[in-house]
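This report describes how selected secondary-structure elements are arranged in the structure shown below. Please read it alongside the sequence and the coordinates.

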Amino acid sequence: MPSLDISFDYNKIQKKVNATKSFADIKSQYDEANRKAGSSFEKTKSQVSESLNSVKSQTKRYQKQVKNQFEQLLDLTNTTGGNGSGSPSYIKRLLIRTIKNVQPRLRTIVIKDCLTALGCDQQQTYSTGPIYVKVGSIDLFNRLLIDPQDEVGAVIYEKKSIQVGQIPFSMNRELHQLTKTNTSYTHVGKSGQDLFKIEYANADPNGVTGGWYKVDLSSRTGPSRVGEFMVDYYDTIRMAEDTDIIGSIMESLSGAISMKIDAGTSQVENASKYELILARILGLCFDSRGNEIDTSGVAKIAELDGVDDSFFEFTEIDLRNIDIRTQNIKKGIIQFEDCDNVDLPVNFNEIISALGQLNFYEGSEFEEAANNITDVLANNPAWIGVGINVNPQVVVDTNFIKLISNGMISALITPKMILPIIVMYKALGNTLVDNIKSFVDFAKIFKKFFINLVSKVGAIFVEELFKLIKEDILKLVQQVIKDIVKEKIVKKYAMILKLIALLLAIIGLITDYRKCKNLIDDILALLNLLNLPGLSSGIPLPFLYAAQLLDGYSESRAFIGAIEEMQSMGIPTGAMPSGAPNFDLLGKFGQMKAMAMEDAENNKLQVAVGPLVVTPAFLTVPASSYGKKF
């Protein structure tokens, strides 16, 4: 049956996983309590209390108004994770490793969806010649104003300096340098053909100032096709830099970069609006019939989450939150909901310094250094004694994980990635992009492209969390299945022994209990039942004839057995010290009675009846039969 409400279904999954995990925990404690039968009451009581507190803690979740799919899965990891696999520190390491291995997937995503942005196919041709691209239309967050040699520049630009012909080429560094020098640069594609010559201009041919790139598109061998241009260009750059990704996550988390460069109010507001739009996009779901976003409001997203221009508008609450974030960055502080929104100073100088050091690491050393970046923020000495009631490291790591998609996308939509899209858009005769003055303007013009880009990048990390959850659930289910199999075997033995006891009582096999040999022989005969052939496939047919002598399920008898089990583990079963009834036990008995009544009224038994011998000549046809169980 298709999903009718995503939040409801996630909640249902959460409950199912919680129940399954609780069963596994309690079953383990049950086995341990039985193994230690005879130990003191107080010790057993302590173990049970610890178990209840553990289950209670699992129900605590990071709460806020809207949770996207990634956050829902992150909540599930808190429940399913075993041996630390659900801890923020473990998940953070896993996703940082994903960042290191994600480049090929980013290339595929961008190349596939850039044609969507242009509204054309790969065979579409473009006109060569000069194109003027407004600097602000590709530099959505004023990155090119930062000097690559600065501390922040070491974080946001490519690690390697400009070297013509080098692949991947440091295009962001080149674009910055062009704004500072009166030079030009000819970019050669991976194919070896010239793609364009680019230089900086203060004004376009119409005299409009504000900073422009003059891009002179080169003629290609054969037709100049948009698809070939895009592939040839993107194959010469690295889509996103590893250090920039980690730095962008920390910027989303703490605003450290904005604090370091003392960003202006409008710049911080623009970045804050970007964060809000990203949250909306990451909360979208897609129609199972295809790749189109479902805005019907049925089984997916509410009608207000459509993809027209209203999607990029901000409510009074949004603007208030943007203003709060802007003011916090200007004051150099951060607030976490888990910390009761206490003002926590950000040691942005130390954070920027630690981020810059990432450029000196590779492989596992980079992963380790990147993983430790959050320690710089969480271990800020200025946080000591400010009244935080939770572990700041857990809070910081958890929020770092939630913002990992934001950081990846921020490091992706840099000038070098957007440049060919804007160039081709204008080469096809469209000038609307000259009106881009902010991220929101860009997102509105290229909304389908941007939504696809963000959602696909977000899906990379959703997939990683899903793999982790699936692995944990499989381990959990395997353990539960083992317990269920054991229970079935025990029940089967209990059934057989009960049936044999009835048969023995009827035929009077034991005539005198004073005859020790007969008693011992009969006991040995019962023990030898453990080796009966065919036991794994069912109860032997002769014993089943005794089933008619049983009186059926009794909730009272079952409850007595439950009391015996609880008493064997040292769980109090008497009245409360005050003399009041033990309502916990009464509730259990009431539950058992209700279950017994439901079973009596609505149980149904279906039995497969095999072929029956009628005559030596032929057999009857197999059939199924229905009945009730007592």
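## A helix across the sheet

In this predicted model, helix 19, which spans residues 415–427, lies across strand 1, strand 3 and strand 4, and the helix runs at about 125° to strand 1.

## The four-stranded sheet

The sheet itself is open and consists of four strands in the order 1-4-3-2, paired in antiparallel fashion. Strand 1 (129–134) and strand 2 (184–188) stand at the edges, and because each has a single partner strand, one side of each is left without a neighbour in the sheet. On average, and with direction ignored, neighbouring strands of this sheet are turned by 25° against each other.

Strand 3 (residues 194–203) and strand 4 (residues 209–217) run antiparallel and are joined by seven bridges. At Ala203, the bridge partner in strand 4 is Thr209.

## Helix 10 against helix 18

Helix 10 (residues 242–254) and helix 18 (residues 404–412) have axes that come within 7 Å and cross at roughly 125°. Since angles of 65 to 115 degrees count as roughly perpendicular and those over 145 as roughly antiparallel, helix 10 is therefore oblique to helix 18. The crossing in which helix 10 passes helix 18 is right-handed.

On the side of helix 10, the contact is made by Asp244, Ile245, Ser248, Ile249 and Ser252, while helix 18 contributes Ile404, Asn406, Gly407, Met408, Ser410 and Ala411. Sorted by character, the residues of this contact between helix 10 and helix 18 comprise five nonpolar, five polar and one charged.

Definitions and conventions: Residues are numbered from 1 along each chain as its sequence is written. This is a predicted model: local features need pLDDT of at least 70, side-chain atom pairs count only at pLDDT 80 or more; totals for chains, interfaces and linings use all residues. Side-chain values use heavy atoms; hydrogens and water are left out. Two strands pair if DSSP finds at least two bridges between them. Helices (H or I, at least four residues) and strands (E, at least two) are DSSP runs, numbered from the N terminus. Axes are lines fitted to C-alpha atoms, for helices over the stretch in contact, and angles run from 0 to 180 degrees between N-to-C directions. Contact means heavy atoms within 4.5 Å. Angles under 35 degrees count as roughly parallel, over 145 as roughly antiparallel, 65 to 115 as roughly perpendicular and the rest as oblique. A crossing is left-handed if the near helix is turned anticlockwise from the far one by less than a right angle, and right-handed if clockwise. Ala, Val, Leu, Ile, Met, Phe, Trp, Tyr, Cys and Pro count as nonpolar, Asp, Glu, Lys and Arg as charged, and the others, Gly among them, as polar.
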